[in-house]
Amino acid sequence: MNREIKHLGLRISPQVHRKLHYIAEYEGRTLNGQVYYLIQKCVREFEQEHGVIREEELL
């Protein structure tokens, strides 16, 4: 498995950016940390419903 940190550029509206920043601050996270948390949550929920995604299934 490649353990490098990957960069993900994301375009969002200023309003969504401000709201996400507000939520991150409320939760005690940085904006980057909040986005990473939400991505991890999405993966966990997907795997709970569909099963664990195995490394050999990844691109």
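**View 1. Aromatic rings and a charge in the predicted model.** In this predicted model, the structure holds zero aromatic pairs. A ring does, however, have a charged partner, since Arg29 lies over the face of Tyr37, at 3.9 Å from the ring centre.

**View 2. A nonpolar patch on the surface made by Leu8, Ile39 and Val43.** Together, Leu8, Ile39 and Val43 form a nonpolar surface patch of about 270 Å². Of these residues, Leu8 has its place in the segment before α1, the helix that covers residues 14–27. Leu8 counts as exposed because its relative accessibility is 64%, and the cut-off for an exposed residue is over 50%.

**View 3. Helix α1 and the glycine that follows α1.** The 14 residues of α1 should span 20 Å at 1.5 Å a residue, and the C-alpha atoms at the ends of α1 are 20 Å apart, so the expected and computed values agree. After α1 comes Gly28, a residue with a positive phi near 80 degrees.

**View 4. Gly33 in helix α2.** Helix α2 is made of residues 31–50, and Gly33 lies within this helix. Gly33 has a relative accessibility of 25% and therefore counts as partly exposed, a class that lies between buried, under 20%, and exposed, over 50%. Between Gly33 and Ile23 there are 11 Å in space, taken from C-alpha to C-alpha, while in sequence these two residues are 10 residues apart.

Notes:
Residues are numbered from 1 along each chain as its sequence is written. This is a predicted model: local features need pLDDT of at least 70, side-chain atom pairs count only at pLDDT 80 or more; totals for chains, interfaces and linings use all residues. Side-chain values use heavy atoms; hydrogens and water are left out. Rings of Phe, Tyr and Trp (its six-membered ring) pair if their centres lie within 6.5 Å; planes under 30 degrees apart count as stacked, over 60 as edge-to-face and the rest as tilted. A charge sits over a ring if NZ of Lys or CZ of Arg is within 6 Å of the ring centre and within 35 degrees of the ring normal. Patches are made of residues with over 30% relative accessible area and no salt bridge: like charges are joined within 9 Å, nonpolar side chains (Val, Leu, Ile, Met, Phe, Trp, Tyr) within 5 Å. Accessible areas come from the Shrake-Rupley method with a 1.4 Å probe; for residues, only the protein chains shown count as cover. A salt bridge is a side-chain nitrogen of Lys or Arg within 4 Å of a carboxyl oxygen of Asp or Glu. Helices (H or I, at least four residues) and strands (E, at least two) are DSSP runs, numbered from the N terminus. Buried means under 20% relative accessible area, exposed over 50%, partly exposed in between (1.4 Å probe, protein chains only). The expected span of a helix is 1.5 Å times one less than its number of residues.
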